[in-house]
Amino acid sequence: MGAPDGLVEGPSLIAVALRHVSKEFGKVQAVRDVSLQIKQNEFFSLLGPSGCGKTTILRMLGGFERPTRGEVYLSGRLVNDVPPYRRDTNLIFQHLALFPHLDVFDNIAFGLRMKRLSPSVVRQKVLKALELVDLAGFESRQITQLSGGQKQRVAIARALVNEPAVLLLDEPLGSLDLRLRMQMQEELKEIQQRVGTTFIYVTHDQTEALTMSDRIAVMQDGVVEQVGSGREVYETPRTRFVATFLGDSNLFEGRVVAADRDAAIVEIHGARVRALAQPGAQPGASVFVSVRPEHVRVAGKAEVDGDVENWWEARVRAVTFKGAFTEYRLVTPTEQVVLAHVPPRNGTIPVAGDQVMVGWRTAECVVLTE
């Protein structure tokens with residue numbers, strides 16, 4: 001029997017464990033009965049919209065909030081009542097909180113000096129941290145002389161120089177422009193792999209989480225909806241929220257007419273679809289079928305592929321060129337709207353008003369019971 005959702009099995013060493021953790025602020029339930037295990041050296045993201053509880057979890061891990069109920073463990077040690085300065089964690093805030101009156105060296109050295117380390121040790125560690133974030137030679141620069149990306153690197157160096165077992169990151173790339181943000185995503189993941197520290201990253205940006213994370217916990221309204229690798233939560237979502245929050249998705253409401261261990265037949269306004277089944281997809285159950293637009297094929301009737309199990313007739317309502325793909329909005333005779341993202345191709349390109357076929361394989365769609 002597998003581990004509960006959010007818990008990892010096997011002998012892997014666990015850096016962080018939350019057991020039935022809840023946090024209430026007055027009558028507001030910010031976090032509700034969350035259980036998670038995060039492995040050592042893992043890049044783990046908490047992903048969800050604003051107000052879903054992800055930052056509250058981060059603050060409980062850092063010791064800045066105490067859980068109302070439940071237990072928080074760091075490296076196997078119960079830390080509910082341990083203050084932040086006695087936890088083996090460091091937190092990078094969204095607004096970085098660098099000291100503007102100190103230069104780069106002194107910003108990074110601040111925590112080391114609080115530990116009363118010798119000047120020679122402090123210098124050695126700071127210079128090593130600067131090399132780690134590709135800022136060697138910047139130690140005398142003032143914070144006001146740095147670009148946004150360089151400030152990010154200083155904040156990372158200041159956190160890592162203390163060699164925490166767990167680094168907590170609260171949307172640290174949120175203030176950067178798109179190009180720099182994408183660059184920093186790659187660099188942050190490379191740094192994490194080099195130092196081997198457990199990173200716990202809070203974000204509302206799905207691309208950011210998918211790009212960097214080993215595993216992701218998708219949250220809504222204080223609850224963890226699903227935990228898994230980026231590929232798992234994207235390609236096999238367990239709930240409608242996960243399907244729609246992580247990218248675009250076609251959702252079709254229907255009723256299960258037959259099911260086996262692997263797949264279910266769902267009737268959707270008279271049409272039948274074969275899709276990957278989940279527990280609860282029993283005959284008679286009301287469900288949704290989720291299909292990602294990039295899995296939808298658009299073809300003429302003569303081009304229908306027998307290897308594709310699910311085909312519907314449809315009419316092209318709109319066509320939008322988006323560079324890497326063309327977006328088709330289609331409508332079936334039963335008024336089901338289908339979104340398709342089709343890569344560039346040779347031959348006849350369907351236009352608005354054309355009658356076509358839309359199809360997808362069983363392995364590319366999933367039944368959602370929640």
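Strands E11 and E12 form a hairpin, with 3 residues between them. In this predicted model, the two strands of the hairpin, E11 and E12 (residues 263-268), are paired in the antiparallel sense over 4 bridges. Within this pairing, Ala258 has Ile265 of E12 as its bridge partner. Strand E11, which covers residues 250-259, is also joined to strand E14 (residues 286-291) by 6 bridges, and these two strands likewise run antiparallel. Here the bridge partner of Glu253 is Phe288 in E14. Strand E11 thus has antiparallel pairings with E12 and with E14.

The protein as a whole contains 8 helices and 20 strands. Its C-alpha trace spans about 75 × 45 × 40 Å along the principal axes. Of its 370 residues, 49% count as buried. Among the contacts in the protein with a separation of 6 or more, 66% are accounted for by residues 24 or more positions apart.

A further set of strands was examined as a sheet. Strands of a sheet pair through backbone hydrogen bonds, in either a parallel or an antiparallel arrangement. In the present case, 5 strands make up an open sheet in the order E15-E19-E16-E17-E18, and the pairing is antiparallel. The edges are formed by strand E15 (297-299) and strand E18 (337-342), each of which pairs on one side only. On average, neighbouring strands of this sheet are turned by 45 degrees against each other, direction ignored. At the E15 edge, the antiparallel pairing with strand E19 (residues 355-360) extends over 3 bridges. In this pairing, Val298 has Val358 in E19 as its bridge partner.

Helix packing was considered next. Two packed helices are described by the angle between their axes and by the distance between those axes. Helix H4 (residues 148-160) packs with helix H5 (residues 178-195) at an angle of about 20 degrees, and their axes lie 11 Å apart. Because of this angle, H4 is roughly parallel to H5. The crossing in which H4 passes H5 is right-handed. On the H4 side, the contact involves Gly148, Gly149, Gln152, Arg153, Ile156 and Leu160. These residues meet Leu180, Gln183, Met184, Glu187, Leu188, Ile191 and Val195 in H5. By character, the residues of the contact of H4 with H5 divide into 7 nonpolar, 4 polar and 2 charged.

Technical notes: Residues are numbered from 1 along each chain as its sequence is written. This is a predicted model: local features need pLDDT of at least 70, side-chain atom pairs count only at pLDDT 80 or more; totals for chains, interfaces and linings use all residues. Side-chain values use heavy atoms; hydrogens and water are left out. Two strands pair if DSSP finds at least two bridges between them. Axes are lines fitted to C-alpha atoms, for helices over the stretch in contact, and angles run from 0 to 180 degrees between N-to-C directions. Angles under 35 degrees count as roughly parallel, over 145 as roughly antiparallel, 65 to 115 as roughly perpendicular and the rest as oblique. A crossing is left-handed if the near helix is turned anticlockwise from the far one by less than a right angle, and right-handed if clockwise. Contact means heavy atoms within 4.5 Å. Ala, Val, Leu, Ile, Met, Phe, Trp, Tyr, Cys and Pro count as nonpolar, Asp, Glu, Lys and Arg as charged, and the others, Gly among them, as polar. Buried means under 20% relative accessible area, exposed over 50%, partly exposed in between (1.4 Å probe, protein chains only).
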